[in-house]
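Me: I am new to this structure and would love a close look at a single part of it. Could you walk me through the aromatic rings of chain B and then show me what lies around them?

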Amino acid sequence: MGLFPRGAAPPMLRIKYRITVPLVRFTQNIQRHVGCPPLELPGSTVREALNQYFLLNERARAYVLDDQGKLRQHMAVFVNGKQIDDREGLSDPVAASATIDLVQALSGGNSNS
Amino acid sequence: MSQRCHVATRKGLFTLERGRSGWSIARASFCGDNCTLVMHDPRENTLLATLNHGHFGVKMHRSADGGATWKEIASPKYPEKPADYVPKAPLEGKSADWSLKLVWSLAPGGANEPGVIWCGTLPGGLFRSEDGGDSWSLNRPLWDDPLREQWFGGGADHPGIHSICVDPRDPDHVIIGISCGGVWITRDGGHSWSVGGPGMRAEFMPPERQFDPNAQDPHMLAQCRANPDALWVQHHNGIFRSLDAAASWAEIEGVKPSAFGFAVAAHPADPETAWFVPAVKDEKRYPAEGRVVVNRTRDGGKTFEILTRGLPQEHAYDLVYRHALDVDETGESLVFGSTTGSVWISEDSGDSWQTLSSHLPPVYAVRFEKAID
């Protein structure tokens with residue numbers, strides 16, 4: 001299930017049985033509100049991988065998605081460094097070797113300025 | 001007389017306490033975070049604070065120890081919008097977002113309803129918790145009313161419920177204020193709602209809509225605890241009063257220096273007394289002539305006293321938002337805070353004021369801790 005931070009899986013798993021799945025990483029800025037360690041999780045789309053993440057970390061869901069399950073307006077998602085196309089459906093495909101980064105958009109900061 | 005007060009600001013929540021030498025800032029919580037609202041629940045002696053994290057959304061926290069420690073609780077969540085949803089009476093052809101933008105009002109339920117809290121939000125949903133904020137449910141009768149879909153934003157991009165008055169005689173009787181959607185009433189705990197009666201006037205609407213109760217922009221609604229049918233509204237273009245629980249409204253005219261403002265506080269025992277903080281009208285929004293004043297009426301709006309003792313009277317450009325004025329349960333202590341970070345307290349019903357700070361972050365809300373709400 002890839003529940004270990006990348007590289008942190010037990011050696012036997014890593015060497016013999018590890019199945020490569022996408023890595024999900026979060027901005028450092030979210031960590032003071034809700035701990036979001038990087039995790040390797042199965043999923044062929046951004047939505048599938050994030051759903052797996054939120055099954056393990058339910059509180060994080062409302063920090064990233066709004067009431068309707070859409071990406072919050074001022075959050076951004078990158079797959080291997082490229083911003084996703086489908087912000088509403090999160091249907092962008094992810095390869096097993098992909099890294100998904102959730103970061104704050106630089107827009108939207110005025111409520112705290 | 002209240003001994004504690006909480007000040008919600010753009011950069012945190014500040015607790016004021018009255019010691020032997022007077023009022024001072026005793027604690028800062030959520031420093032750096034945008035704290036948009038605070039509520040004290042006298043039934044449980046708990047505090048609720050609302051934070052708007054911008055990127056990460058609106059979150060709510062509760063404290064059971066006077067603000068020493070906080071725990072994140074549930075935030076109101078709009079239900080999933082049906083894929084085939086078609087608004088019955090959309091404004092400008094659009095339906096509102098079904099997504100929490102801001103928690104704009106919080107009010108404890110009745111004294112005999114422990115755990116019940118009402119919560120008004122942008123974009124116009126009213127939520128109710130029956131477990132002190134651990135869970136919330138959207139009030140569907142109001143949300144599903146076709147007239148609700150005609151509400152529109154006043155200042156903000158979305159309509160919102162900013163005022164909730166729970167009748168101390170009957171907690172099923174709740175009156176709410178909406179910018180912009182007028183005043184709405186339930187007498188059965190939220191199972192059914194009706195828009196308030198006539199009498200308000202909306203200068204900003206075309207002539208044929210100016211007296212539409214559902215198109216009004218009450219900036220704030222305040223209720224006299226001892227006579228809950230007596231209500232005051234600081235409206236976008238005036239001051240209005242009702243003596244029949246919002247069945248009808250009368251405009252208070254000729255108020256100097258201005259009938260514009262956001263905040264109003266109703267005396268808890270005397271329905272003839274209320275306080276306002278006036279400002280130059282909507283396109284300017286600063287104290288007339290740079291003088292911060294509080295307007296007090298003690299005769300139901302026939303006359304007003306302009307209270308200035310202890311308040312800055314030159315080059316002061318403090319605007320006071322709708323939740324940034326409060327009165328305690330005795331009617332003697334008042335507090336208000338401004339967009340430029342000033343906080344003033346009075347212990348003589350507004351006759352004189354002392355400055356608590358002039359350099360806090362912009363103040364969104366002030367709330368005394370009261371023995372009764």
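Reply: Happy to help; here is a walk from the whole chain to its aromatic rings, and on to the strands. Please keep in mind that this is a predicted model.

Let us begin with the setting. Chain B has one helix and 28 strands. Its radius of gyration is 19 Å, close to the 21 Å that the globule rule gives for 373 residues, so chain B is as compact as a globular protein of that length. Taken along the principal axes, the C-alpha atoms of chain B fill a box of roughly 60 × 50 × 40 Å. Of the 373 residues in chain B, 60% are buried. Among the contacts in chain B with a separation of 6 or more, 51% come from residues 24 or more positions apart.

Now to the rings themselves. Over all chains, the count comes to 19 aromatic pairs. One of them joins B:W98 and B:W143, which meet edge-to-face, with 5.6 Å from centre to centre and 80° between the planes. B:W98 lies in the loop between strand 7 (71-73) and strand 8 (102-108) of chain B, while B:W143 belongs to helix 1 (residues 140-143) of chain B, so this pair ties together parts that are 45 residues apart in sequence. Both B:W98 and B:W143 are buried.

A further pair is made by B:F276 and B:F304, again described as edge-to-face, at 5.9 Å centre to centre and 65° between the planes. B:F276 sits in strand 21 (residues 274-278) of chain B and B:F304 in the loop between strand 22 (294-297) and strand 23 (305-307) of chain B, so here the parts tied together are 28 residues apart in sequence. B:F276 has a relative accessibility of 1%, and therefore counts as buried.

Back at the tryptophans, B:W98 and B:W143 also belong to one aromatic cluster, together with B:Y78, B:Y85 and B:F127. B:W143 has a charged companion too: B:R148 lies over its face, at 3.5 Å from the ring centre. Another charge over a ring links two chains, as the charged end of B:K59 sits over the ring of A:Y63, 4.0 Å from its centre.

From the loop that holds B:W98, you can step on to strand 8 of chain B. Strand 8 is part of an open sheet of four strands in chain B, with the order 8-9-10-11 and antiparallel pairing. The edges are strand 8 and strand 11 (137-138) of chain B, each of which pairs on one side only. Six bridges connect strand 8 of chain B with strand 9 (residues 117-122) of chain B in the antiparallel sense. Within that pairing, B:P108 stands opposite B:I117 of strand 9.

Chain B has another open sheet of four strands, with antiparallel pairing and the order 3-2-1-28. Strand 3 (22-29) and strand 28 (363-368) of chain B stand at its edges with a single partner strand each, so one side of each has no neighbour in the sheet. From one strand to the next, the twist averages 20°. Inside this sheet, strand 1 (residues 4-9) and strand 2 (residues 12-19) of chain B run antiparallel and are joined by six bridges; B:R4 has B:E17 as its bridge partner in strand 2.

One last stop is strand 12 (residues 160-166) of chain B, where seven of the seven residues are buried. Six bridges join strand 12 to strand 13 (residues 174-179) of chain B, and the two run antiparallel. There, B:G160 has B:S179 of strand 13 as its bridge partner.

How values were computed
Residues numbered from 1 in each chain as written. Chains lettered and ligands numbered in written order. Predicted model: local features only at pLDDT ≥ 70, side-chain atom pairs only at ≥ 80, totals over all residues. Heavy atoms only, no water. Buried < 20%, exposed > 50% of the residue type's maximum accessible area, 1.4 Å probe, protein only. Pairing = 2+ DSSP bridges. Phe/Tyr/Trp six-rings, centres within 6.5 Å; stacked < 30°, edge-to-face > 60°. Lys NZ or Arg CZ within 6 Å of the ring centre and 35° of its normal. Axes fitted to C-alpha atoms, helices over the stretch in contact; angles between N-to-C directions. Rg over C-alpha atoms; globule rule 2.2 N^0.38 Å. Contact = heavy atoms within 4.5 Å.
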